[in-house]
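Student: Please give me a close look at one part of this structure, and then lead me outward from it to the parts around it. I work at the bench, so plain words and clear cut-offs would help.

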Amino acid sequence: MITTFSDYLIFVDESGSPRMGGDIDQQYPIFVLAFLLVKKTDYAQVINPAVSAFKFKHFGHDQVILHEREIRKDVGAFKFLKTPQIKQAFLDELTEMIAAMPVQLCCVVIDKAKHQAKYRTPVHPYHLGLQFGLERVLGFLEKNGEQHMAHVIVECRGKTEDDDLELEFRRICDAVPFTTSKVKLEVVFADKKSNSAGLQLADLMARPIGISVLKPDQPNRAVDVIRPKLMVMNGKTTGWGLKCFP
């Protein structure tokens with residue numbers, strides 16, 4: 001029985017829809033699964049206080065969920081961002097906060113159109129992204145001397161989807177290299193209203209990385225501060241911190 005837990009937490013969030021077939025959005029034909037790896041000491045002492053302080057300043061309380069789509073579209077709690085100058089100042093401060101975060105990031109970017117064209121029966125993008133991401137998370141934890149249980153935190157999406165995800169998670173972890181590793185992974189489902197700083201950061205980072213893959217020549221300050229946080233393995237980021245498929 002495992003009695004000791006890992007020093008790390010892993011938060012997982014997505015950008016884009018995993019739907020295939022005729023439902024592929026031609027403006028954003030990719031699916032991104034972001035894995036944010038955080039030391040628990042940093043999470044407790046740096047990340048949570050910084051995210052709360054940011055919310056206190058802009059909203060007066062810390063119950064607002066920082067959601068990339070709502071910020072981008074100026075809706076919900078972010079309606080005040082409709083004024084361009086206010087929005088730019090808000091985004092600049094948000095970007096500075098993210099830049100200071102002590103995290104490691106692994107992003108799996110799946111081009112759904114290419115995936116669908118290449119394989120007769122393409123694997124579900126979420127399942128594929130989960131496998132690629134978990135393999136890289138395992139490699140990172142082993143490299144950093146971890147030998148214990150690490151929790152992988154995902155947002156609830158509905159009973160059917162959650163049951164499907166958990167089944168796929170178990171299938172992945174029941175195969176090599178997971179069965180031969182001293183590191184064990186356990187999935188934790190967080191309620192959408194849990195206000196998890198880790199899940200919010202993963203959400204904020206996923207789409208900018210996706211856009212950087214779709215439009216590599218487009219300037220994007222958010223990407224500039226996120227890119228240095230991509231996991232490095234064997235001296236390289238490509239294929240590890242950033243895995244593009246196919």
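Tutor: Let's start with glycine 129, which is buried, its relative accessible area being 0%. Here buried means under 20% relative accessible area, exposed means over 50%, and partly exposed is in between, using a 1.4 Å probe and protein chains only. Before we go on, note that this is a predicted model, in which local features need pLDDT of at least 70 and side-chain atom pairs count only at pLDDT 80 or more, while totals for chains, interfaces and linings use all residues. Residues are numbered from 1 along each chain as its sequence is written, and side-chain values use heavy atoms, with hydrogens and water left out.

Glycine 129 sits in helix α5, which covers residues 125-143. Helices (H or I, at least four residues) and strands (E, at least two) are DSSP runs, numbered from the N terminus. Setting aside neighbours within four places in sequence, glycine 129 is in contact (heavy atoms within 4.5 Å) with Leu33, Phe35, Val108 and Ile110. Lysine 118 is eleven residues from glycine 129 in sequence, and their C-alpha atoms are 16 Å apart in space.

The helix around glycine 129 is mostly covered as well, with 15 of the 19 residues of α5 buried. The expected span of a helix is 1.5 Å times one less than its number of residues; for α5 that gives 27 Å, and the end C-alpha atoms are 27 Å apart, which agrees. After α5 comes glycine 145, whose phi is positive, near 80 degrees.

Now follow one of those contacts, Val108, into the strands. Valine 108 stands opposite lysine 243 in β6. Strand β3 (residues 104-111) and β6 pair in the parallel sense over four bridges, where pairing asks that DSSP find at least two bridges between the strands. In a regular strand the side chains alternate between the two faces of the sheet. Strand β6 (residues 242-245) has Lys243 and Phe245 on a covered face, and Leu242 and Cys244 on an uncovered one.

Another contact of glycine 129 is Leu33, and strand β2 spans residues 30-39. β2 pairs with β1 in the antiparallel sense over eight bridges, and aspartate 13 is placed opposite alanine 34 in β2. On top of that, five bridges join β1 to strand β4 (residues 149-155), the two running parallel; isoleucine 10 stands opposite valine 152 there. Eight of the eleven residues of β1 (residues 5-15) are buried, so the strand is largely enclosed by the rest of the structure.

From aspartate 13 we can step on to aspartate 203: leaving aside neighbours within four places in sequence, aspartate 203 is in contact with Asp13, Glu14, Leu66, His67 and Glu68. Aspartate 203 lies in helix α7 (residues 197-214), where 16 of 18 residues are buried. Aspartate 203 is itself buried but has no salt bridge, and the nearest side chain of opposite charge, arginine 72, is 8.1 Å away. For this purpose Lys and Arg count as positive and Asp and Glu as negative, with His and the chain ends not counted; a salt bridge is a side-chain nitrogen of Lys or Arg within 4 Å of a carboxyl oxygen of Asp or Glu. The side chain of aspartate 203 does reach the backbone nitrogen of glutamate 68, at 2.7 Å.

Glutamate 68 brings us to one of the twelve salt bridges in the structure. Arginine 207 forms a salt bridge with glutamate 68, their closest N and O atoms being 3.7 Å apart. Since arginine 207 is in α7 and glutamate 68 in helix α2 (residues 68-73), the pair ties together parts that are 139 residues apart in sequence. Both partners are buried, arginine 207 at a relative accessible area of 19% and glutamate 68 at 15%.

Back at β4, glutamate 155 and lysine 192 also meet in a salt bridge, at 3.2 Å from N to O. That pair links distant parts of the chain, with glutamate 155 in β4 and lysine 192 in the loop between β5 (184-190) and α7, 37 residues apart. Glutamate 155 is partly exposed at 24% relative accessibility, and lysine 192 is partly exposed at 47%.

Notes. A polar contact is a pair of N or O atoms within 3.5 Å; within protein, one must be able to donate a hydrogen and the other to accept it, and residues adjacent in sequence count only if both atoms are side-chain atoms.
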